[in-house]
Amino acid sequence: MGVRSDLDASFDFEIVDEFLDHYSMMVDSMEVMIIDLSKPSMYKRSVNELFRVFHNIKSASGYLKIIPMNKLASFVEDALEQLRQQDKPISKETTDWLLEISDMFAAWHDDLKMDNELTHVKFSLLKLPDLDK
Amino acid sequence: MPNHNNLVAFITSGYPEKSFTVDLALSLGENGVDTLELGVPFSDPVADGPLIEKANHKALELGFKFQHLLEISEVVAPKVDTLWMGYFNSFYQQNMQELIPYASKIGINGLIIPDLPHEEALLYKELFNANAVSNISFVAPTDSDERIKTIVSDAQKFIYMVAYTGITGSGVAEDLQPFLQSIKKHTDTPVYVGFGVNQKTAKDKVKGADGVIVGSAFIDILLKDSLSYSQKISECSNLAKIIKEEINS
């Protein structure tokens, strides 16, 4: 039994389905927004959008008790909050880290779709790059 | 009462060559390192940061072979508490049924395998136990309380606590205490903090824990081309001494 079955056993089908729809859209949109963080003209808009995405994932996964997703989303939200305080585009190192983060959330998307166990968080994601660079 | 927090040092085996690794390992053992992690160079070290990844690639370019790890270990393990740290494929290719007894025979006390999830590690539990070799358990801040309880239930030697690193001033990520307590309430096995531990952070990170694991700070020195071999050994040994003092002050 995988993560989808666990959710279906604990929550109303419609709630789970709506979460999956939204989650799918949010994961699909991540990569473009991350790439746009390196463009000065797009920075403010993209960092705010990305923050909103992770904030929403944090809230939804918290409600649905998907603990690793909730904790990682919270960590990324903290990092994006720091990035919102600055105006300059992000470094390549930060871009790479965020792209790896989006890969992790995409892997979870597949786990949800295929009803697999949740893929374990890659430890390297918990090392935040220097955001001030 | 003085503290007795332990220092675990990670070094990349065979970088830049195996005789250097032996000299460095022995010197670290004489300068405060309680346990040595001999890293097994791997082409895709997914749990490691850029510095260790670079050292891994350089070691492989310089011709590192698994046999070199065995040769290094045969000299080092009788003198310093030694673990192997590597990715599962490196060990699996050697045939676990033969490797673990051999590791035990040459004095290796444990393996640290960051890409071997707890559930899969259970397949080798009897093999590790029968040879008195520990398989070190990892706990990450993204793990649920239920999962932490499961992971630590049969932890051996110490628990490798992966800490968030890099966020300052935002509260949740830097405060390790709630996470540490969530582990300690389930186990008496010592908990060592890894990730982001260096000379500046060691004292803070060890609070409430039983030891620290330091990797990148040593590898940073090893990657400095401007230093001679003896200077690298000397700088690493000084760093070990300083961190050992910091975590016990």
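1. Strands β1 and β2 of chain B run parallel and are joined by 5 bridges. Two of the residue pairings can be picked out in this predicted model. B:Ile11 has B:Leu38 of β2(B) as its bridge partner, and B:Thr12 is partnered by B:Gly39, also in β2(B).

2. On its other pairing, β1(B) meets strand β9 of chain B, residues 211-214, through 4 bridges, and these two strands also run parallel. Here B:Val8 has B:Ile213 as its bridge partner, while B:Leu7 stands opposite B:Val212.

3. These strands belong to an open sheet of 9 strands in chain B. The order is β5-β4-β3-β2-β1-β9-β8-β7-β6, with parallel pairing. Which strands form the edges? They are β5 (134-135) and β6 (137-139) of chain B, each of which pairs on one side only.

4. How many residues of β1(B) are buried? The count is 7 of its 7 residues, and the strand is mostly covered. In a regular strand, side chains alternate between the two faces of the sheet. For β1(B), one side carries B:Asn6, B:Val8, B:Phe10 and B:Thr12, and the other B:Leu7, B:Ala9 and B:Ile11; all are buried, so both faces are covered.

5. Strand β2 of chain B, residues 35-39, is largely enclosed by the rest of the structure, because 5 of its 5 residues are buried. Its two faces are both covered. B:Thr35, B:Glu37 and B:Gly39 lie on one side, with B:Leu36 and B:Leu38 on the other. The charged residue B:Glu37 is thus listed among the buried ones.

6. The largest nonpolar core holds 114 residues, and B:Ala9, B:Met161 and B:Phe218 touch the most other members. The element that gives the most to this core is in chain A: helix α4 (residues 67-84), with 8 residues. B:Ala9 has already appeared above as one of the buried residues of β1(B). As a general background, nonpolar side chains tend to be buried together in soluble globular proteins.

7. What does B:Met161 touch, leaving aside residues up to four places away in sequence? Its contacts are B:Val139, B:Leu180, B:Ile183, B:Val191, B:Tyr192, B:Val193, B:Gly194 and B:Ala209. In the same part of chain B, helix α8 (residues 145-152) lies across β6 and β7 (159-162). The helix runs at about 165 degrees to β6(B).8. The loop between β1 (6-12) and α1 (18-30) of chain B contains B:Pro16. The peptide bond from B:Tyr15 to B:Pro16 is cis, with omega near -5 degrees. Most peptide bonds are trans, and most residues other than glycine have a negative phi.

9. Two residues of chain B can be set side by side for their backbone angles. B:Asn95, in the loop between α4 (88-92) and α5 (96-105) of chain B, has a positive phi, near 75 degrees. B:Phe195, in the loop between β8 (191-194) and α10 (202-205) of chain B, has a positive phi near 80 degrees. Are these residues buried or exposed? B:Asn95 counts as exposed because it has 10 C-beta neighbours inside 10 Å, whereas B:Phe195, with 26 such neighbours, counts as buried.

10. B:Lys65 sits in the loop between α2 (50-61) and α3 (66-76) of chain B. This lysine has 12 C-beta neighbours inside 10 Å, so it counts as exposed. B:Lys65 is 24 residues from B:Pro41 in sequence, and their C-alpha atoms are 8.7 Å apart in space.

11. Between the two chains, 21 residues of chain B are in contact with 19 residues of chain A. The chain B side of this contact has 12 nonpolar, 7 polar and 2 charged residues. For the complex, the predictor gives an ipTM of 0.83 and a pTM of 0.89.

12. The pLDDT of chain B averages 92, and 95% of the residues score at least 70. Residues 168-173 of chain B have a pLDDT below 50. That stretch still has 10 contacts in the model beyond near neighbours in sequence. Where pLDDT is low, the predicted coordinates should not be read in detail.

Definitions and conventions
Residues numbered from 1 in each chain as written. Chains lettered and ligands numbered in written order. Core = buried A, V, L, I, M, F, W, Y, C linked by C-beta atoms within 7 Å. Buried ≥ 20, exposed ≤ 12 C-beta atoms within 10 Å, placed from the backbone. Contact = placed C-beta atoms within 7 Å. pLDDT = per-residue confidence, 0-100. Pairing = 2+ DSSP bridges. Axes fitted to C-alpha atoms, helices over the stretch in contact; angles between N-to-C directions.
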